[in-house]
Protein chains: 2
Amino acid sequence: MTGPPSALAESAFLRAARGLRGPHVPVWFMRQAGRSLPEYRAMRTGVAMLEACSRPELIVEITMQPVRRLGVDAAILFSDIVLPLKAMGVDLDIVPGVGPVIATPIEDLAGVARIPDFTAESVGFVSEAVRGLTAELKGTPLIGFAGAPYTLASYLIEGGPSKDHAKTKALMYGAPDVWDGLMQRLAATAAGFLTAQVRAGASAVQLFDSWAGGLSPADYRDYVLPYTTRVFAEVAPLEVPRIHFGVATGELLADMAAAGVEVMGVDWRVPLDRAVQRIRPAQAVQGNLDPAVLFAPWDVVQQKAVDVIAAGKRARSHIFNLGHGVLPATDPDVLARLVDFIHSHEVAAAE
Amino acid sequence: MTGPPSALAESAFLRAARGLRGPHVPVWFMRQAGRSLPEYRAMRTGVAMLEACSRPELIVEITMQPVRRLGVDAAILFSDIVLPLKAMGVDLDIVPGVGPVIATPIEDLAGVARIPDFTAESVGFVSEAVRGLTAELKGTPLIGFAGAPYTLASYLIEGGPSKDHAKTKALMYGAPDVWDGLMQRLAATAAGFLTAQVRAGASAVQLFDSWAGGLSPADYRDYVLPYTTRVFAEVAPLEVPRIHFGVATGELLADMAAAGVEVMGVDWRVPLDRAVQRIRPAQAVQGNLDPAVLFAPWDVVQQKAVDVIAAGKRARSHIFNLGHGVLPATDPDVLARLVDFIHSHEVAAAE
């Protein structure tokens, strides 16, 4: 494959994702396209989540909104973790105030066999949106997005969101053949969804394992890591930076970093300098301001951002982000001010 | 004060809590008195949570149920984190399916001033229950129970449960005088509630900081640790073992251990041998089987319990527990079998 156009390749985000430091720390925010932006709320009025993720013109517009308003260094595809499952034909919906709800939860091998195979055709509307986005974004990289096998499995088994994932773990411990069949299928789904996005023009990928942080390290290694490793191995030939993230994953960082990634996302609980000790020297870190800090007075926001940047200097390179998604009540002006501060700070600090 | 009767003092639980190893690892379960037991569900039919925590005969009966059925090495007072606030006169209720709901959330110094002082008289019904319990329990220790200042503050500020504690943190960062006033009052509350329980006969205390795990280590040290330290310092003269616990606190263990405790509770995310490296050599550990493991086939439960015991051997001493509360759907027969296994295992392993 040909390399990306050089403005893109030399963008602060992609340089940092490749382990190179630049004139400033790049910054983007998980859930930057979302309810904190009034233009997003306007766009979603009367439009269900999965519909918004399925219409190319809405995907493009919503993905672009934070790039225009905040000046972030990367866009991330507006989508949802369960979107590829829906596109493949799994009967599910995203219920406002609840989350993904699955019509027929998976209990056995027959249930696994009922999940259709992922095909690039089923997400043709996403590829179309990505092509539109990369044309519009020009030198700003687009990050592709997928949910990790464990997180997808938890929704399919529980039938929806769960606090304790007891059914998921019961199946994981008690029915190894069902577990393997399901996780292999979901690994293929995540890899296929990411591949489709990169082929259409995405410059990096992030795999979200939202619920992996509920596993002990031993369980993560035994029941999850092999499948996550498969996802990252399948996208490796595409030669784009691979980012891995989940919340409450402090104890899992070493194992998650071993899945084959260039960038480890770190939640706000783990100071970045500690995270660096757990991952590999060649890896970059991404994170990790507590999203709730954005409700503090500006001098606190600024000081805590400085602390994050200082800790991030211990890593090979650093992509600034929150330690989890933007909270819906966040003031977008604070996000914009933070982006400006990150961009200006690092230049000033390059003494 | 006189020491406890010797059968009690030499109980496996109190020996382990003092750092002494015995013939077997003692075991109890967080939320052992609760919805997993049919006799508990029967007792609670038509009885609201705060009513159940306020009637001495119900407190005694519910606290005793798991001791009788499971053969655990310690009882823990059946109560709720917000019970002392209710007893002091704060207008709150526990709404089924929601959690604690506060009528008038705290926003400012006037709100703090409206919180009545804790008095031992206000929880006289708890002291009465503790006296009844210690008479009935004889050689089985009773653990006293209180919610930590941060967790209580989060309910009072948010008005109820919260996923992100954004209001709590906004006040913590933005209004230091309100924060200090509130946390001092809640430290006095927790210390007073624990003191009342010990004076009535409890042999140990556990401070639950349910939500501390949502704080970065720096924030924990700046905004929470001074108040938790005050709680433990105020109960220190009572000379009972002090246990400290919160979920998702892996990054906070060193700081939480520094609050002045004999036993650190560890959630299931942190292998006990790692936890030992973060706490102090003189401290015991408590934990930490994933509560969801109890839904696995028995051979998995047994193997994972063995793993916990093996990791716990790296500590000065070990109290077996789950890494969080018993899940309501747990089969009590599995809990009972696990207690028997823990008791028999360690004797067999004493080669």
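Q: Which helices do the buried residues of α10(A) pack against?
A: A word on the ground rules for this predicted model: local features need pLDDT of at least 70 and side-chain atom pairs count only at pLDDT 80 or more, while totals for chains, interfaces and linings use all residues, and side-chain values use heavy atoms, leaving out hydrogens and water. Residues are numbered from 1 along each chain as its sequence is written; chains are lettered from A and ligands numbered from 1 in the order in which they are written. In α10(A) (residues 166–174), A166(A), T168(A), K169(A), L171(A), M172(A) and Y173(A) are buried (under 20% relative accessible area, with exposed over 50% and partly exposed in between; 1.4 Å probe, protein chains only). Going by contact (heavy atoms within 4.5 Å), they pack against α15 of chain B along with α9 (149–158), α11 (176–199) and α12 (217–223) of chain A.

Q: How much area is buried between chain B and chain A?
A: The contact draws 31 residues from chain B and 31 residues from chain A. Buried area here is the accessible area (1.4 Å probe) that the two parts lose on being put together, summed over both. Carbon and sulfur atoms give 54% of a total of about 2400 Å².

Q: Which residues of chain B lose the most area to chain A?
A: The area buried between the two chains is about 2400 Å². Three residues together make up 27% of what the chain B side buries, namely Y173(B), E251(B) and R269(B).

Q: What kind of axis relates the two chains?
A: Superposing by least squares on the C-alpha atoms of residues with pLDDT of at least 70 in both, chain B lands on chain A with an RMSD of 0.0 Å after a rotation of 180 degrees and 0.0 Å of shift along the axis. That makes it a two-fold axis.

Q: Which residue of chain B comes closest to that rotation axis?
A: Go by C-alpha position here. At 3.4 Å, the residue is A248(B).

Q: Which strands stand at the edges of the sheet in chain B?
A: Helices (H or I, at least four residues) and strands (E, at least two) are DSSP runs numbered from the N terminus, and two strands pair if DSSP finds at least two bridges between them. The open seven-stranded sheet runs β1-β4-β5-β6-β7-β8-β9 in chain B, with parallel pairing. Each edge strand has a single partner, so one side of each lacks a neighbour in the sheet; the two are β1 (75–76) and β9 (318–322).

Q: Are the residues of β5(B) buried or exposed?
A: A204(B), Q206(B) and F208(B) point one way from the strand, and V205(B) and L207(B) the other way. Five of the five residues in β5(B) (204–208) fall in one class: buried.

Q: What is the handedness of the crossover from β5(B) to β6(B)?
A: β5(B) pairs in the parallel sense with β6(B) (residues 242–245) over four bridges, and V205(B) stands opposite R242(B). The chain gets across through helix α12 (217–235) of chain B, and this β-α-β crossover (clockwise from the first strand over the helix to the second, with the strands pointing away from the viewer) is right-handed.

Q: At what angle does α15(B) run to β9(B)?
A: Axes are lines fitted to C-alpha atoms, for helices over the stretch in contact, with angles from 0 to 180 degrees between N-to-C directions. Helix α15 (298–312) of chain B lies across β8 (284–289) and β9 of that chain, and its angle to β9(B) is about 145 degrees.
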